[in-house]
There are 2 protein chains.
Amino acid sequence: MTRSSATAARLDSASGLVTTRERWPGDTLARVDQADRGNGPCGHCDLGTLAFCDGFARRTVTSLMRVQCTLRFEAHDTLFREGDTGVAVFNVVSGAVKVYKLMPDGRRQITGFFFRGDMFGFCLDGDYAYTAEAVTPLSVCRLPMQRLHELSETAPEVQHRILLRMTAKLAQFHDHVLLLGRKTARERVATFLLALSERARRRGDPASPIPLAMGRVDIADYVGLTVETVSRTMTAFKREGLIDLPSPNHVAIPDTQALRAASDGSA
Amino acid sequence: MTRSSATAARLDSASGLVTTRERWPGDTLARVDQADRGNGPCGHCDLGTLAFCDGFARRTVTSLMRVQCTLRFEAHDTLFREGDTGVAVFNVVSGAVKVYKLMPDGRRQITGFFFRGDMFGFCLDGDYAYTAEAVTPLSVCRLPMQRLHELSETAPEVQHRILLRMTAKLAQFHDHVLLLGRKTARERVATFLLALSERARRRGDPASPIPLAMGRVDIADYVGLTVETVSRTMTAFKREGLIDLPSPNHVAIPDTQALRAASDGSA
DNA sequence: GCTATCAGTTGATCTGTATCAAGTGAACCC
DNA sequence: GGGTTCACTTGATACAGATCAACTGATAGC
């Protein structure tokens with residue numbers, strides 16, 4: 001069984017731009033960078049149309065700006081832990097996050113990866129049900145749940161957008177439950193790679209030589225296998241010409257249809 | 001691999017109270033019973049505080065009443081199928097529902113069971129991501145998504161309540177993904193039984209001799225095992241005194257702590 | 001340059017659960 | 001009352017993927 005490596009909490013006070021407006025889980029790890037500017041509606045990120053606040057009325061954006069907070073983390077930093085009081089949602093500006101649950105004996109299940117434009121940390125008056133950890137150097141936009149809730153009284157579009165994100169996440173979970181409950185190792189790995197590829201395509205990035213932000217262990221803990229099986233399966237795919245591995249962290253998909261067939265047993 | 005039995009579509013025109021206000025997926029199967037009365041805020045069900053509309057302002061309840069629809073189904077009836085256009089959410093008034101996804105070769109994964117007071121079918125301008133089927137004779141309250149959305153413009157509490165339900169569902173999915181990805185057969189079955197028991201307790205029903213609305217095949221397709229393994233595991237639990245089976249469809253839990261220990265490998 | 005570390009890969013073996021097959025008992029029907 | 005059906009159980013065997021172990025190559029530190 002897979003055991004999680006302990007996450008070392010590291011203090012980073014080297015940044016010249018740190019200002020702390022309030023206390024929140026993980027704040028000792030975060031660097032608040034007020035100098036961030038970009039093409040996001042509120043000017044605090046460069047997410048453009050991927051930004052949570054994109055398309056909102058001017059005054060809604062202004063309200064969000066006031067409570068928003070841009071945080072930076074290094075790979076392996078923990079944003080919050082399972083059981084922490086859930087006070088904020090996060091939008092990934094750059095980098096990748098994994099969220100996972102641990103069992104008493106150390107077995108770990110990663111329940112989601114989040115990339116640029118993704119939102120995570122939904123939690124209404126309760127504790128976070130999982131731990132969130134940076135996979136790569138990370139920049140996130142943090143929105144306090146309480147403020148978001150207050151705001152949505154007057155701006156229903158805010159709540160509606162959250163609803164949209166959650167609906168999409170629910171649909172994703174249905175797929176992932178199918179993967180974990182009924183798919184073979186080959187199907188799992190194929191499905192995972194395809195999902196990454198399709199996500200890239202939807203975002204306008206090249207769909208084929210896709211970068212793998214996460215290591216083999218993380219992939220294994222996500223698709224419910226061991227590292228060894230993930231590794232063997234990817235080697236097998238390479239041997240069969242289903243994928244190419246220019247480097248361990250880059251996967252090329254020469255024939256999407258073939259990989260898709262491998263992802264649901266129709267091949 | 002588990003194969004789903006074909007669901008026989010049955011027409012039931014024997015009811016004297018059928019009135020069809022509009023067309024919707026599965027309407028040929030449903031009986032609309034306008035005569036239902038109860039203690040629910042809108043008078044159309046007896047869910048009491050479990051009702052979706054419980055606690056809403058008078059005029060909100062009135063709006064919901066007008067678009068609400070109470071439907072009845074028999075066991076094995078299909079409410080909607082994966083790929084159908086998602087036009088409504090459902091609240092279970094009585095009985096049980098399972099939702100599942102199928103693979104091309106017939107493998108099936110049940111992604112959720114829904115009981116009295118539960119809400120399912122969330123789907124914002126898209127298709128249902130799964131099929132919903134009655135496990136027992138069923139009564140549901142149907143709410144058109146579009147109307148719900150319109151209503152939430154003026155009544156934010158509606159959207160907020162949906163958000164609450166979805167957040168709870170998301171948390172449940174995290175648990176289920178952990179179960180499917182990392183738990184052993186014993187742990188899966190123990191977790192499943194405990195969840196049913198705790199649900200009953202939360203609802204004020206007796207937590208111990210819990211009725212199993214679903215058959216062994218459905219349990220297997222939910223926890224990602226085969227019928228045989230579920231059956232063997234339950235027999236083993238009985239032999240070890242972890243549970244008792246007064247009938248195949250009733251489970252007594254003499255020692256919750258012991259079963260809990262079995263549910264995460266701490267025993 | 002030498003060593004340590006760490007991610008990934010590959011090989012040999014073991015095992016938990018699936019698969020295949022048959023048996024039991026309750027409910028239903030003619 | 002005898003047969004059919006269907007859900008569940010039990011037994012024997014097979015196998016996919018886990019486990020244990022070793023190897024490779026890249027990166028970092030001194």
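**Entry 1: the end of a helix in chain B**

I started at B:Gly224, which comes just after H5(B) and takes a positive phi of about 75°. Helices here are DSSP runs of H or I with at least four residues, strands are runs of E with at least two, and both are numbered from the N terminus. I noted that this is a predicted model, in which local features need pLDDT of at least 70 and side-chain atom pairs count only at pLDDT 80 or more, while totals for chains, interfaces and linings use all residues. For my labels, residues are numbered from 1 along each chain as its sequence is written, chains are lettered from A and ligands numbered from 1 in the order in which they are written, and side-chain values use heavy atoms, with hydrogens and water left out.

Next I asked how many residues of helix H5 of chain B are buried. Seven of the eight residues in 216-223 are, so the helix is largely enclosed by the rest of the structure. Buried means under 20% relative accessible area, exposed means over 50%, and partly exposed is in between, with a 1.4 Å probe and protein chains only. The buried residues of H5(B) include B:Arg216, B:Asp218 and B:Tyr222.

**Entry 2: histidines in loops**

I then looked up B:His76, which sits in the loop between strand E2 (69-73) and strand E3 (78-80) of chain B. Its phi is near 80°, a positive value in a residue other than glycine. Is B:His76 buried or exposed? Neither word fits, because its relative accessible area of 48% makes B:His76 partly exposed.

In chain A, I found A:His76 in the loop between strand E2 (69-73) and strand E3 (78-80). The phi of A:His76 is near 80°, again positive in a residue other than glycine.

**Entry 3: chain A as a whole**

I counted seven helices and 12 strands in chain A. Of its 267 residues, 54% are buried. I also looked at contacts, meaning heavy atoms within 4.5 Å. Among contacts in chain A with a separation of 6 or more, 70% come from residues 24 or more positions apart.

One pair I looked up was A:Thr256 and A:Ser197, which are 59 residues apart in sequence and 9.1 Å apart in space, C-alpha to C-alpha. A:Thr256 belongs to helix H7 (residues 256-263) of chain A. With a relative accessible area of 32%, A:Thr256 is partly exposed.

**Entry 4: strand E5 and its partners**

Strand E5 (residues 97-102) of chain A is mostly covered, with five of its six residues buried. Two strands pair if DSSP finds at least two bridges between them. E5(A) runs antiparallel to E6(A), and six bridges join them. I picked out A:Val97, whose bridge partner in E6(A) is A:Phe114. The hairpin of these strands has five residues between them, and A:Gly106 takes a positive phi near 100° there.

E5(A) also pairs in the antiparallel sense with strand E8 (residues 131-134) of chain A, over four bridges. On that side, A:Val99 has A:Ala132 as its bridge partner in E8(A).

**Entry 5: a glutamine in strand E6**

I followed strand E6 (residues 108-114) of chain A to A:Gln109. How accessible is A:Gln109? Its relative accessibility is 0%, so A:Gln109 counts as buried. A polar atom of its side chain lies 3.0 Å from the backbone oxygen of A:Tyr222.

Leaving aside neighbours within four places in sequence, I listed the contacts of A:Gln109. Those in chain A include A:Val99, A:His176 and A:Tyr222. From chain B, A:Gln109 touches B:Val177, B:Leu178, B:Gly181 and B:Arg182.

**Entry 6: cavities**

A cavity is a set of points on a 1 Å grid over the protein atoms alone, where a 1.4 Å probe fits but cannot get out; lining residues have an atom within 4 Å of a point. Grid points are joined across faces, edges and corners, and the volume is the space filled by probe spheres set on the points.

My search of the whole structure gave five cavities of 30 Å³ or more. The largest has a volume of about 110 Å³. Its lining includes B:Cys42, B:Phe52, B:Gln68 and B:Leu143. Helix H1 (58-67) and strand E9 (138-144) of chain B are the elements that give two or more residues to that lining.

The second largest cavity holds about 90 Å³ of space. Among its lining residues I noted A:Cys42, A:Phe52, A:Gln68 and A:Leu143.

Methods: A polar contact is a pair of N or O atoms within 3.5 Å; within protein, one must be able to donate a hydrogen and the other to accept it, and residues adjacent in sequence count only if both atoms are side-chain atoms. On a 1 Å grid over the protein atoms alone, a cavity is a set of points where a 1.4 Å probe fits but cannot get out, and a pocket is an open set with protein on both sides within 12 Å along at least five of seven lines; lining residues have an atom within 4 Å of a point.
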